[in-house]
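Welcome, and please open your viewer with the cartoon display switched on. We will go from the whole chain to single residues, one selection at a time.

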Amino acid sequence: MGSFAEFHARSIHDRDAFWAEQARLVDWKVEPKQICEYSNPPFAKWFVGGQTNLCHNAVDRHLAARGDQPALIFVSTETDQEKIYTFRDLHAEVQRMAAILQDLGVVKGDRVLIYMPMVAEAAFAMLACARLGAIHSVVFGGFASHSLATRIEDATPKVIISADAGSRGGKSVPYKPLLDEAIQLSAHKPARVVMVNRNMVAFTPVAGRDVDYATERAKHMNAVVPCKWVESTHPSYTLYTSGTTGKPKGVQRDTGGYTVALAASIPHIFEGKPGGTFFCTSDIGWVVGHSYIIYGPLIGGMATILYEGLPIRPDGGIWWSLVEKYKVNVMFSAPTAIRVLKKQDPALLTKYDLSSLQALFLAGEPLDEPTAKWISEGLSGKAIIDNYWQTETGWPILSICNGVEKAPSKFGSPGKAIYGYNVKLVDDQTGEELTGADQKGVLTIEGPLPPGNLQTIWGDDERFVKTYWKTVPGKLVYSTFDWAVRDKDGYFFILGRTDDVINVAGHRLGTREIEESISSHPNVAEVAVVGVADQLKGQVAMAFAIAKDTSGLTSDAARKALEAEVMKVVDAQLGAVARPSRVFFVTALPKTRSGKLLRRAIQAVAEGRDPGDLTTMDDPAALQQIVDLIKG
């Protein structure tokens with residue numbers, strides 16, 4: 001294949017020929033007429049005129065060669081269940097789910113919202129939507145009713161698929177009451193709700209709206225639902241991501257470009273091979289779960305493990321026991337999970353036979369050097385490969401492509417620019433490209449974005465352009481909103497966000513969204529939320545609020561009680577994932593004389609750093625109050 005440098009250069013300078021080659025990794029009903037159509041920047045259309053189907057490429061095309069090989073391995077340490085679905089079993093289950101959706105009137109282009117725990121039925125639902133040409137929108141099960149309602153309202157689904165409950169740490173987490181409340185809050189009301197009853201919590205179905213999955217499945221045991229061939233540019237799904245404004249953005253993905261991007265990534269980036277096993281520990285509610293629990297491994301002809309449970313239950317060796325049992329070749333997790341395992345008995349790392357494992361990939365947040373070193377030593381020198389990407393891109397921007405050419409990892413770096421990505425570091429003041437080593441700039445991608453990246457924001461082309469794109473001298477570039485430096489060898493190091501999105505254990509949260517939630521408490525006049533460095537989670541949200549009525553806040557106990565109330569509001573509206581680590585009550589927030597909130601200064605003092613130049617600050621006492629509270 002030649003060197004990676006040549007491979008990458010070809011993907012940029014001979015773009016269409018390169019991607020035409022990668023397109024041969026997937027099945028097409030109609031071959032593409034044009035590889036990339038970029039006449040209306042920044043909107044790129046990939047494999048124009050081609051017709052394909054995501055479900056066909058993930059399931060049907062493997063039936064002849066590996067129908068009886070494992071495809072989906074469902075493991076729940078929450079319910080002590082383990083079940084292997086072969087490609088043939090998966091094909092049958094997906095058709096049953098597709099038949100249920102068809103009966104409920106779902107056709108190509110309809111939206112189906114999936115609010116599910118990590119169960120096999122969630123995978124059937126996603127693949128069934130793709131089979132019908134319906135557009136799925138998966139919402140993370142940890143989100144509460146308010147967050148769910150905004151997504152229902154934006155996606156306007158015809159049908160919602162949900163379950164009575166999930167489970168975490170052996171405790172049931174009810175979904176049904178949150179879903180019912182979200183539908184009540186939403187201006188859009190879905191026609192039907194398919195309920196998967198796991199018999200974890202009692203619930204009352206809504207007459208005329210809710211249907212029981214098991215009952216409907218029994219009617220379709222021999223269902224035959226052919227794949228709907230769709231245009232390459234047809235949307236496959238929307239997935240909501242937090243932004244700097246309160247309303248989440250519905251990232252819209254195409255079908256053909258995404259299928260090709262994932263098909264190419266399995267051998268080139270992950271060194272996955274047909275018949276192998278891929279274990280991604282993420283959740284289907286996040287982009288990593290879409291790309292590397294459900295679609296990517298299956299497209300690559302691999303078995304994929306869908307895991308419900310914690311990394312330390314029944315003990316800190318559970319994941320490694322699964323690597324041994326299912327002969328996992330590729331594992332994909334998050335730095336936070338490894339930091340959790342770091343606290344467990346180190347003997348658990350050597351207890352199991354991990355000889356099948358080629359590499360452990362980590363993403364979702366910056367991987368700190370001590371954690372990378374610890375897991376590398378613990379896994380006896382197995383490749384530990386950091387990679388960096390976003391909900392918007394759908395697959396890695398930066399990593400090591402050992403499937404193209406072997407290269408060393410550098411601790412603390414997610415690697416080099418991946419093929420297809422024309423990455424530029426840009427000076428945020430002048431817009432000039434920074435080409436020298438160790439210069440700090442904003443990580444950008446010159447258009448067109450490669451296949452598999454977002455087409456637009458669902459229903460809002462204008463927001464897509466305004467949010468992500470800017471013109472720098474002679475170029476239109478997509479901004480990742482991350483600071484980075486590149487060393488002399490071409491390895492990038494991510495330094496943090498340029499905007500107000502924080503990364504808590506790999507979950508991107510908009511500080512504005514958390515602020516809006518806190519502000520809805522009747523006794524909060526004003527609030528600032530910042531991301532503060534945390535050893536375990538990478539970052540945590542910390543809030544500083546001004547109370548409307550301070551008369552009752554004269555004691556620590558009263559302030560603690562109000563803090564607990566505010567946290568309950570965030571839990572109820574956004575879910576525990578967005579709960580701040582602390583809510584401090586202050587009499588004033590530090591601002592400039594023109595009234596701009598000094599977020600960077602607040603963040604700096606919260607992390608024990610020098611806040612820098614404060615010459616424009618209106619009232620220094622406001623910042624000192626925060627310093628005293630943090631120290632206290």
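The stops below run from the overall fold to a sheet, a strand residue and a helix.

**Stop 1: the whole chain**

Keep in mind that this is a predicted model. Show everything as a cartoon and you will see 19 helices and 33 strands in the protein chain. Now switch to the C-alpha trace, which spans about 70 × 60 × 55 Å along its principal axes. A compact globule of 632 residues would have a radius of gyration near 26 Å, and the 24 Å of this chain agrees with that.

Colour by burial next: 60% of the 632 residues count as buried. If you draw contacts, look at those with a separation of 6 or more, where residues 24 or more positions apart account for 71%. Turn on the surface as well; the accessible area comes to about 24100 Å², and carbon and sulfur atoms hold 51% of it. Colouring by charge gives 67 positive and 71 negative charges, with mean positions 2 Å apart.

**Stop 2: an open sheet of eight strands**

Which strands should you pick for the open sheet, and in what order? Select them as 12-11-8-6-7-14-15-25, and note that the pairing is mixed. Strand 12 (210-212) and strand 25 (456-457) stand at the edges with a single partner strand each, so one side of each has no neighbour in the sheet.

Let us walk through part of the sheet, beginning with strand 6 (residues 111-115). Strand 6 pairs with strand 8 (residues 159-163) in the parallel sense, over four bridges. To find one spot on this pairing, pick Tyr-115 and look across to its bridge partner in strand 8, Ser-162.

Carry on from strand 8 to strand 11: these two run parallel and are joined by five bridges. Here, centre on Ile-161, whose bridge partner in strand 11 is Val-194. Is strand 11 (residues 192-196) enclosed or open to the outside? Four of its five residues are buried, so the rest of the structure largely encloses strand 11.

The last step of this walk goes from strand 11 to strand 12, another parallel pairing, with three bridges. Select Met-195 and Asp-212 together, since Asp-212 in strand 12 is the bridge partner of Met-195.

**Stop 3: Ile-385**

Now jump to strand 20 (residues 383-386) and pick Ile-385 within it. Its relative accessibility is 1%, so Ile-385 counts as buried. What does Ile-385 touch, leaving aside residues up to four places away in sequence? Show side chains for Ala-359, Leu-360, Phe-361 and Leu-362, then add Ser-399, Ile-400, Asn-402 and Ser-409.

For a sense of scale, draw a distance from Ile-385 to Arg-559. The two are 174 residues apart along the chain, and their C-alpha atoms are separated by 45 Å.

**Stop 4: helix 18**

Finish at helix 18 (residues 599-606), which is mostly covered, with seven of its eight residues buried. To highlight the buried ones, select Arg-599, Ala-601, Ile-602, Gln-603, Ala-604, Val-605 and Ala-606.

What covers the buried residues of helix 18? Add helix 16 (511-519) and helix 19 (620-631) to the view, then strand 31 (524-534) and strand 32 (538-547); these are included in the cover. Before you leave, step just past the end of helix 18 to Gly-608, where phi is positive at about 75°.

Key: Residues numbered from 1 in each chain as written. Predicted model: local features only at pLDDT ≥ 70, side-chain atom pairs only at ≥ 80, totals over all residues. Heavy atoms only, no water. Rg over C-alpha atoms; globule rule 2.2 N^0.38 Å. Buried < 20%, exposed > 50% of the residue type's maximum accessible area, 1.4 Å probe, protein only. Contact = heavy atoms within 4.5 Å. Areas by Shrake-Rupley, 256 points an atom, 1.4 Å probe, with all protein chains shown as cover. Lys, Arg positive; Asp, Glu negative; His and termini not counted. Charge placed at Lys NZ, Arg CZ, Asp CG, Glu CD. Pairing = 2+ DSSP bridges.
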